[in-house]
Every structure is written in C-alpha cells, then in structure tokens.
Amino acid sequence: VSDSAPATTADPAESTELSQLAERIAGRAAAGEEVEAYVTRSRETEVRVYDGDVESVSSAESTGVGIRVVIGGRQGFAYAGSLDDDVVGETLAEARDNAGFATPDEWVGLARPDGVPAAHMDLWRDELAAFPAGDKVSMAVELEKAVRAGDRRIRQVESSEWGDAAIESAVATSTGISSSNRRTVCYLSVSAVAGDGSETQTAYGFSVGRAPSELDMDKAAGDAVERATRLLGASKPHSARLAVVLEPRITATLLALLGGTLDGESVLKGRSLFADRLGEAVSVPSFTLVDDPTDPAAYGATAYDAEGLACRQNVLIDGGHLQMYLYNTYAARRAGRASTASAVRAGYKSAPGIGARALTLSPGDSGPEQILGQVGTGLLVQSVSGVHSGVNPVSGDFSVGAEGVMIRDGGLAEPVREFTIASTIQRMLQNVVAVGNDQEWLPGSAVGVTLAIDDVSLSGAS
Amino acid sequence: VIEESVISRVLGAALRTGGDFAEIFAEDRRGTMARLDDGKVEDMASGRERGAGIRVVAGDTTGFAHTSDLSETGLRAAAEAASAAARRGGGGIRQVELNRVGAPAPNEVTVPPESVAKDAKVELLRRADDAARQSGSAIRQVSVVYGDNHRRILVANSDGTLAQDDQVKTRFAVTCVASGDAGLQTGRESAGATVGFELFDTTRVEEMARRAATQALTKLAARPAPSGTMPVVIKAGSGGVLFHEACGHGLEADHIAKDVSVFAGRVGQRVASPLVTLVDDGTMGPEWGAIAVDDEGHPAGRNVLIDQGVLTDYMWDWLRARKEGRASSGNGRRESYRHLPMVRMTNTFVTNGTEDPEEIIRQTPQAVYVAQLGGGQVNTATGDFVFGMIEAYLIEDGRITAPLRDANLIGNGPEVLKAIDVVGNDFAMGWPGTCGKQGQGVPVGDGQPTLRVTALTIGGTAA
C-alpha cells in the first residue's frame with residue numbers, strides 16, 4: 001500500500017541519530033560553500049552451508065560517510081569507513097581540498113527542497129532483528145536438503161546461503177535537505193549442480209523478502225532443481241535467427257540495461273543511443289516502462305533518492321514512445337529541467353550518479369505458457385552470461401552467452417547451451433512481441449516478467 | 001598499526017571458547033580518484049578506510065566478524081563475535097607466539113602517490129583529453145580516470161604467522177565516444193601497475209588517449225560481427241582474460257573441493273594443447289596482481305598450473321590447503337577487511353611460444369582477429385565461458401581487414417585449451433583487471449603471446 005503525505009521523513013521513528021549526524025556535518029559549511037553529508041550504517045549477516053554443515057557465518061556492522069563540498073561551481077568529494085568525529089572532520093577537510101582541483105561548472109550544486117512529498121512506506125521489519133541466528137542456519141540447511149531431495153539427478157549443492165541486511169542512511173545539506181531511509185532485506189539462495197559424471201548442468205534459485213516470513217524456500221529450491229535438471233542433455237544449437245522468450249529474471253537484466261541508457265547525463269554528454277529521440281516510437285505500442293521507487297513492493301523501493309529528494313514515479317516509455325530521461329540535480333540543472341529524484345550511489349564511497357531503482361513494464365494479458373504457444377518456434381532463455389562484457393550501452397550492441405530450452409510447436413523441447421544471442425538494444429525494443437502478466441519483483445532495479453522478442457541472432461554450431 | 005602484544009591477546013580471546021585457528025587481518029587503505037569528463041575535471045575524490053576482520057575456524061566452520069575500531073576493545077568484540085559464530089564448545093587457554101614472515105616486495109615503489117600534488121594528477125587528465133580530441137572531429141566525448149591506492153595490511157594468526165605488506169597501485173584509463181552515420185562507437189585504453197606515480201615515466205597518457213580515440217573512430221566503420229563458429233587469432237597482451245575464464249577459475253581449489261570444476265581430478269592429465277604453459281605469479285612485479293604476501297600472510301609464489309598441456313596443480317588458500325595437508329600457494333586474497341579470503345588468481349598468463357605473430361596471421365585464411373578483449377565470465381562446473389571483444393577485425397586471406405562491432409565469444413574451457421594450434425613469440429601482459437568472485441573484486445593481471453584457437457563461437461549478428 002502506498003500513499004502520499006506531506007511528510008518530511010518517510011518514517012518518523014527512523015534513523016534520527018544518523019540524520020542528526022548528517023545535519024551536524026552539513027551545518028559546518030563555511031560562507032560561500034555548500035556541504036552535503038551522506039551517512040550510512042548497515043548490519044549484515046551471511047550464512048553459508050555446505051554438505052549439511054555450516055561453512056561460514058559472517059556478521060558485522062559497517063558505517064561510512066561520504067561528503068560533497070561545492071565551492072564556486074567546483075565539487076570535491078571524500079569518504080571514510082567510520083563515523084568517528086575526528087575521521088568525519090578529516091573527511092570534510094579533504095572534500096574541501098579536493099574541490100579546489102575541479103573545473104568550475106555553473107551547473108554543479110547540491111539539491112534543494114522541491115516540495116515533492118515523500119511516499120510513506122514501511123520498508124523496515126523489526127521481525128528481522130529478532131530472528132535468531134540459529135534459525136538462519138537452519139533455513140540454509142533446510143534449503144540445501146530440499147534441493148538435494150528435489151531430484152535424484154542433483155549431485156551437488158555448491159552453496160546454500162542465508163543473507164540479511166538492515167540498512168539505514170541519511171542525507172543532509174546546507175541547502176536545506178534533510179532526509180533518511182531505512183530498510184531491511186533477507187534472502188535465501190542456492191546453487192544446484194545436476195548430472196551423473198559424464199555431464200554437468202547448474203542453476204540457482206533464490207527468494208528475497210524484507211522479513212524471514214516473506215521468504216519462500218520451496219520456490220528457491222524448486223527453481224534451482226527444475227532449472228538445473230531440465231538442462232541435462234543440452235547440446236550446442238545451430239546458428240539461427242529466431243524469437244526468444246526471456247524468463248522473468250532475464251527480462252529484469254535487460255530492463256536494468258535499458259534504464260542505464262536513459263540516464264540524462266549520458267544524453268547531455270552525447271553517449272546515449274536515445275539522445276534526441278524524445279517523443280519518438282522507440283518500441284511497440286504495448287511497451288510502457290515506468291520507474292517507480294515509491295512502490296513498496298519493489299526491491300529498490302525507497303522514499304528518498306541519494307541526494308535527499310523524494311522519489312517519484314517516472315514514466316520513461318509510454319505506449320512505445322520515449323517520454324523522458326532520468327536526472328539527478330546536476331544533470332537536471334544542466335538540461336534546464338527538474339530532478340527526477342534519480343540520484344543513486346554505489347555506497348558511501350561515491351558521489352551521486354543517476355540510475356533507475358524500480359523499473360516495471362506494464363503487464364500484458366498472457367501468461368508464460370500462452371506466450372510459448374504464441375511464439376510457436378523459438379528459444380526460452382533461462383540464463384545469460386557476459387552481460388558486462390558483451391553489451392555496449394553506448395552503441396547498443398547486445399551479445400550475451402545463454403542457456404535455455406528450444407520452443408517447438410508452442411511448447412518446450414530440447415535443452416541447449418554454449419551459444420550466444422545477439423541483436424541491438426534498439427532492435428530488440430522494436431521487436432517485442434509479447435509482455436507477460438507474470439510480474440515478480442526481483443533483487444536489483446527492475447521487475448521480472450516474461451518477455452518475447454523476435455528476430456534475435458543465435459550463434460552456435462555452424 | 002596494532003601492537004604485537006594486543007594481537008596475541010586478541011587471538012587468544014578469539015580461541016577462548018574453542019576453535020582450531022584464529023586470524024586478524026588489519027587493513028588501512030587510502031585512495032585518490034580524479035575523473036575528467038565532457039572536458040571538465042568533474043571529480044576529485046579521496047577516501048580512507050581502516051579496520052580489521054577476524055576469522056575463527058572450528059572444524060569445517062568459519063566464523064567471521066569485522067570492525068572499524070582498531071582499539072583492543074574493538075578487536076576483542078569482533079573476536080568474540082567471530083568466535084561465537086564458529087562455536088563448537090571445548091576451549092581453553094591458547095598462547096600465541098608470533099613469527100614475522102619475510103617476503104620480498106615484488107618491486108620497488110619510487111614515487112608514493114600521496115607524495116604527488118593533486119595538480120599533477122589533474123594535469124594528466126587534461127593532457128589525455130586534449131590528445132584524444134585532437135585525434136579526429138568525430139570524437140564526441142572523452143572520459144579520463146586517474147586512480148591510486150595505497151593499501152597497508154597486517155595479518156596475524158594463531159599458527160604464529162605475522163606478516164605485513166604495503167601495496168601501492170596506480171591506474172589510468174581513457175574512454176572515447178565517436179559519432180558517425182551508423183551511430184555511436186566506443187574506444188578504451190587502460191594501464192595500471194603495482195607502482196606509484198612513476199607509472200607515468202613509462203606510460204604516455206597522450207599515446208593511450210590516441211589509441212582509445214583511434215579504436216572508437218575505426219569502429220565507426222565496423223560491420224556486425226559474424227554469427228557462428230570459426231578460428232580466432234588473439235593479439236599478444238589483449239586476451240589473457242581467455243585463460244582467466246577458460247581455466248583460471250576452474251583451477252581454484254575451492255571449486256575443486258566442491259567438485260564444481262571441469263578440472264577436478266585431472267592433475268597429471270593432458271588438459272590443453274602441448275603449446276600451452278599457464279602460470280599464476282604473484283611475485284611478478286610491477287604487474288597489477290603483484291603482492292609480497294597474500295591476504296592470509298603467505299608469501300606470493302610463482303605457480304605453474306599447466307606445463308606444456310599437462311595439469312600440474314591448482315591454486316590454494318589456507319583453508320583448502322589445510323584440508324589437503326599441503327601448503328598454501330599464496331592465492332588467499334580478499335577485497336577488504338570486511339571480507340573472508342578465498343582462492344584468487346594474481347597474475348595469470350600463458351608463456352611464450354615460437355611463432356612469428358605476423359606469420360600466424362598470414363597463415364590464417366579466414367578468422368576473427370581480436371585486438372582487445374574486455375571482460376568475461378565462466379561457469380566452472382560446465383566449463384562454458386564467455387568473453388567480450390571490444391576491438392576486433394576479420395582476417396581474410398591472411399590479412400587483417402574489416403573492423404567488427406562489439407560481441408561476446410563463447411566456448412568451453414577444456415575444448416578451447418586443446419584447440420590452440422599455434423602460439424607466438426611476442427608475449428605481453430594486458431590491461432589491469434578486477435576479478436569478481438562471490439561479490440568480491442580483487443586486482444589481477446593477465447597476459448599471453450599472440451595465439452590462434454581453431455574454433456570459437458562468435459556471438460555477432462551477421463549471417
């Protein structure tokens with residue numbers, strides 16, 4: 001449930017200590033200077049189980065601070081992995097010193113309150129902190145057992161894992177911003193190995209939630225077992241041009257890549273394949289892409305962005321037409337627009353960049369099986385590899401290693417491996433033939449949903 | 001950073017309630033990063049992180065905790081948390097006597113980066129930007145990054161090991177975007193070594209910028225890469241990632257122990273063409289993966305993994321070596337004090353062959369010529385791996401011809417190693433890399449001479 005209220009914090013109970021620390025740091029801005037402090041604290045546990053035994057248990061609390069100083073259009077940044085007073089003082093001094101080496105840029109500056117109210121979302125579960133460590137171990141042990149028992153052809157479980165994190169952060173600036181976020185997350189993850197010595201196939205399964213009660217162990221185990229065993233007997237397919245049906249987790253990967261190409265700063269700097277294409281039909285009419293971090297169901301949901309502005313729903317592609325790009329404060333000022341509250345950080349060690357958090361496709365009418373029927377002949381893709389090495393987000397070239405199952409007569413046929421699928425991001429968007437109705441939120445910045453794309457090159461045996 | 005008497009007491013505390021082994025890994029890391037983009041120095045960033053990770057091993061269970069508080073109180077709290085996580089009962093008083101590990105630095109660092117003014121670092125960015133933009137009017141965008149990192153580590157464990165290392169790394173990278181009739185193209189050049197600012201005595205940033213720009217400009221005329229299986233010639237120093245993926249990961253002892261590597265149980269067997277000798281060498285200074293000791297305090301080693309096609313050994317960390325009753329090979333590494341160590345590569349390379357590289361191309365009628373590979377990924381259990389080509393051409397009738405657009409290549413490790421039919425005499429190390437494994441990134445180097453693989457699948461779109 002999501003509703004909007006003119007609140008200044010997403011959850012009044014949260015993180016006051018971090019907010020106060022961030023405000024104190026921002027309050028140390030000298031005349032003619034803007035200061036932004038981002039402080040974060042997280043508590044994490046990770047349990048790995050192997051062969052019925054605990055392999056490792058890690059638990060720790062981490063803190064960090066990232067400080068930006070803007071003086072005369074120059075930005076400096078510094079970070080430290082500690083919130084101790086003397087460390088914070090040194091970090092502020094270092095950020096100030098760093099600012100002196102930047103090129104003056106009239107658009108550089110910190111966010112200012114923009115009046116957009118924050119969504120009221122409860123992303124924190126006290127249940128997680130109360131969950132006993134012993135139960136975390138038991139769940140990982142049970143998960144491993146479930147996979148081993150799931151099919152006699154499972155010969156190994158490489159690792160069965162429990163993980164959880166409780167993450168708090170606050171942003172404050174000398175320009176009037178003060179915000180904080182907090183959320184909990186936990187997951188079960190398992191990697192299954194199927195085979196009989198002459199052949200090996202692998203697959204993983206997982207389940208993610210904000211609290212232990214939201215995890216679905218059967219699904220994690222079942223996914224890993226089914227996906228590893230159905231690849232047994234896989235061969236290298238012959239090269240062809242065909243329709244591909246992407247499983248939800250593959251679609252999420254593709255959407256995240258697409259989100260990266262709609263970064264407003266890349267557009268301004270001439271390194272986006274979607275520059276100068278606002279209003280154009282970049283995809284088919286059934287393709288509507290929205291980034292909505294205010295949907296509490298989304299894994300990437302958050303009330304405030306990394307510069308402390310309230311997150312909002314951004315419609316990026318509507319009925320196939322490109323509507324907008326994503327902006328943080330800098331890119332928005334330079335483009336003469338308002339920030340879309342899309343500032344993101346890779347932790348406290350980096351100044352804010354731009355990114356989508358909760359991309360979702362408007363669902364279609366068909367379930368995955370109907371889509372297989374509709375496609376008739378093609379390929380179901382269940383895993384991809386080399387996404388970082390084979391997709392060029394500037395040119396749009398797309399080429400990834402893949403595993404999957406051929407589709408014949410509208411149903412699943414023989415498994416295949418050791419091939420690539422290739423096209424360009426531009427062409428794939430134009431060749432979308434079906435969007436499923438099977439949305440599920442996955443870890444990362446995009447929703448999972450079955451997606452069918454025509455005319456993709458499969459490279460395999462000659 | 002931490003007194004020896006404190007180390008002994010903390011290790012003792014870690015083992016008070018049981019456990020076979022305890023370890024403190026303390027780290028103090030400082031880094032500077034400067035980035036020029038769009039003609040402006042946008043970012044000058046610096047940071048410091050300091051802390052310790054404490055590991056307690058009891059039987060097959062490892063407990064781990066970390067802290068940024070290096071006081072005795074902070075370390076004891078982490079030791080107790082790690083001990084509780086690994087608890088098995090038992091216990092008793094353990095006295096730990098520390099012996100310093102002597103390991104030579106892989107090379108000397110003559111100009112520590114913190115001794116260099118930030119102005120001088122920024123100046124390098126400007127010089128690279130100018131050179132790239134002068135390479136052609138189609139160059140639309142230039143991004144340049146300078147980074148340095150000074151990492152001091154201390155490792156002490158209940159076996160008595162006390163080791164320290166001082167690791168300085170400096171890197172520089174240029175990325176260009178060119179715009180043409182067929183859209184945008186990218187070019188990239190990267191350099192890095194386990195040295196300080198003296199990197200720039202031998203690395204000319206203008207030359208790097210021109211190479212990155214030329215690559216982007218050349219690719220404006222690139223055609224789609226072929227789709228299908230054909231021979232591939234890989235230029236010296238551009239494709240060590242092939243071996244990193246095709247067999248490097250599969251030779252890490254943690255994958256072997258769990259029987260999730262196609263190379264498990266194959267020591268002594270022929271796994272590659274007799275032309276292939278593969279080495280992992282952490283002592284190879286000043287390459288990007290060089291270290292004096294690994295992150296478990298074991299001296300780095302030069303380890304021959306494949307000798308003329310025959311598998312000779314895997315890579316080992318302390319945990320896996322202990323189980324097999326052998327010594328670590330110096331491959332226990334971790335991203336930071338917040339991470340557990342595991343088996344990782346250092347500098348991994350194929351040694352020189354005998355052929356003239358020009359001759360290899362002349363004797364190849366039809367193939368893809370890879371002048372630069374990007375990253376890659378492998379499934380060690382199946383052996384299937386991919387790697388991306390970011391600069392490639394066709395070879396037609398023994399000559400390098402048309403440039404190709406980016407694509408991934410896919411192959412199966414054991415098959416590809418056997419399909420190497422000629423190896424050049426022009427060995428070179430490649431770009432500095434960051435190897436990712438279970439969410440941890442560590443610096444690695446790779447290298448190879450020019451060589452030919454008789455069949456790889458090219459993941460392009462051209463029929």
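Two strands count as paired here if DSSP finds at least two bridges between them. With that settled, let me start with a sheet in chain A of this predicted model. The sheet is open and has four strands, in the order E12-E11-E10-E15, with antiparallel pairing. At its edges stand strand E12, residues 321–322, and strand E15, residues 359–361; each has a single partner strand, so one side of each has no neighbour in the sheet.

Take one edge in detail. Strand E11 of chain A, residues 314–318, pairs with E12(A) through two bridges, in the antiparallel sense. In one of these strands, E12(A), His321(A) is the bridge partner of Asp318(A). As general background, the strands of a sheet pair through backbone hydrogen bonds, either parallel or antiparallel.

What lies across E10 and E15 of chain A? That is helix H6 of chain A, residues 248–261, and it runs at about 115° to E15(A). Helix H6 also brings in a salt bridge: Arg249(A) pairs with Asp223(A), and their closest N and O atoms are 3.9 Å apart. This pair links distant parts of the chain, since Arg249(A) is in helix H6 and Asp223(A) is in helix H5, residues 217–229, with the two positions 26 residues apart in numbering. Over all chains, a search of the whole structure gives 69 salt bridges.

Now to the contact between the chains. Chain A puts in 79 residues and chain B puts in 69 residues. About 5600 Å² is buried between chain A and chain B, and carbon and sulfur atoms give 42% of that. Between these two chains there are 13 salt bridges. One of them joins Glu55(A) to Lys258(B), with the closest N and O atoms 3.1 Å apart. Polar contacts across the interface come to 51 residue pairs, both residues being at pLDDT 80 or more.

Which element gives the largest share of the side of chain A that touches chain B? It is strand E3 of chain A, residues 53–71, with eleven residues. By type, that side of chain A divides into 33 polar, 24 nonpolar and 22 charged residues.

Strand E3 of chain A also pairs across the chains. Three bridges join E3(A) to strand E3 of chain B, residues 61–67, and the two run parallel. Within this pairing, Ser56(A) stands opposite Thr62(B).

Last, two backbone details in chain B. In general, most residues other than glycine have a negative phi, and most peptide bonds are trans. The peptide bond from Gly285(B) to Pro286(B) is cis, with omega near 0°. Pro286(B) sits in the loop between strand E9, residues 278–281, and strand E10, residues 302–307, of chain B. The other detail is Asp259(B), which is not a glycine but has a positive phi of about 55°. Asp259(B) is in the loop that runs between helix H7, residues 253–257, and E9 of chain B.

How values were computed. Residues are numbered from 1 along each chain as its sequence is written. Chains are lettered from A and ligands numbered from 1 in the order in which they are written. This is a predicted model: local features need pLDDT of at least 70, side-chain atom pairs count only at pLDDT 80 or more; totals for chains, interfaces and linings use all residues. Side-chain values use heavy atoms; hydrogens and water are left out. Contact means heavy atoms within 4.5 Å. Buried area is the accessible area (1.4 Å probe) that two parts lose on being put together, summed over both. A salt bridge is a side-chain nitrogen of Lys or Arg within 4 Å of a carboxyl oxygen of Asp or Glu. A polar contact is a pair of N or O atoms within 3.5 Å; within protein, one must be able to donate a hydrogen and the other to accept it, and residues adjacent in sequence count only if both atoms are side-chain atoms. Ala, Val, Leu, Ile, Met, Phe, Trp, Tyr, Cys and Pro count as nonpolar, Asp, Glu, Lys and Arg as charged, and the others, Gly among them, as polar. Axes are lines fitted to C-alpha atoms, for helices over the stretch in contact, and angles run from 0 to 180 degrees between N-to-C directions.
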